[in-house]
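Please look at the sequence and the structure shown here before reading the notes below. They are written for someone who meets this structure for the first time.

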Amino acid sequence: MLSHLLKEHQAKQNERKELQEKRKQEAITAATCLTEALVDHLNVCVAQAYMNQRKLDHEVKTLQVQTAQFAKQTGQWIGMVENFNHAPKEIGDVENWARTHELPLVWLLIWFGFSLLNELLFAQ
């Protein structure tokens, strides 16, 4: 009878060990699957972040080129405006020169006119 109880006890212990080993293997398998799923999800997130970073780098380069072009164009516009502002000053300078020289030229014309008239009248 004792040997029978001992055999039953050992059989139950073996069943428990097998059940425990089976559950251990299932837990390991589940943990492995979970770990793989987490790593796959993380890899997807990392890949997405990498792609976003590449897009941002490309946009930064594009903006740098556009900014350089805009700066160059702005410099050209500033030069054109300065030239445009300088042109009326030159016209004003010419107008001022003409005013200062107009009166002496009028006097010269009058003098030449009188001289010519004098020669015509008194040359006979």
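The briefing that follows goes from the overall form of the chain to its surface and then to two single residues.

This is a predicted model, and its secondary structure amounts to one helix and zero strands. The radius of gyration of the protein chain is 53 Å, whereas a compact globule of 124 residues would be near 14 Å.

**Overall form**
- Taken along the principal axes, the box that the C-alpha atoms of the protein chain fill is roughly 180 × 20 × 10 Å.
- As an example of spacing within the chain, glycine 113 and leucine 34 lie 79 residues apart in sequence, and their C-alpha atoms are separated by 115 Å.

**Surface and charge**
- Among the 124 residues of the protein chain, 0% count as buried, and the area that the chain exposes comes to about 11900 Å², with carbon and sulfur atoms supplying 65% of it.
- The protein chain carries 13 positive and 15 negative charges, and the mean positions of these two groups are 23 Å apart.
- A nonpolar surface patch of about 890 Å² is formed by Leu103, Val106, Trp107, Ile110, Phe114, Leu117, Leu121 and Phe122.

**Two residues in the helix**
- Tryptophan 107, which is one of the residues making the nonpolar patch, belongs to helix H1, a helix that covers residues 2-122.
- The relative accessible area of tryptophan 107 is 55%, and because exposed means over 50%, this tryptophan counts as exposed.
- Glycine 113 is likewise found in helix H1, but its relative accessibility is 37%; since values between under 20% for buried and over 50% for exposed are called partly exposed, glycine 113 is placed in that class.

Key
Residues are numbered from 1 along each chain as its sequence is written. This is a predicted model: local features need pLDDT of at least 70, side-chain atom pairs count only at pLDDT 80 or more; totals for chains, interfaces and linings use all residues. Side-chain values use heavy atoms; hydrogens and water are left out. Patches are made of residues with over 30% relative accessible area and no salt bridge: like charges are joined within 9 Å, nonpolar side chains (Val, Leu, Ile, Met, Phe, Trp, Tyr) within 5 Å. Accessible areas come from the Shrake-Rupley method with a 1.4 Å probe; for residues, only the protein chains shown count as cover. A salt bridge is a side-chain nitrogen of Lys or Arg within 4 Å of a carboxyl oxygen of Asp or Glu. Helices (H or I, at least four residues) and strands (E, at least two) are DSSP runs, numbered from the N terminus. Buried means under 20% relative accessible area, exposed over 50%, partly exposed in between (1.4 Å probe, protein chains only). The radius of gyration is taken over C-alpha atoms; the globule rule is 2.2 Å times the number of residues to the power 0.38. Lys and Arg count as positive and Asp and Glu as negative; His and the chain ends are not counted. The place of a charge is taken as NZ of Lys, CZ of Arg, CG of Asp or CD of Glu.
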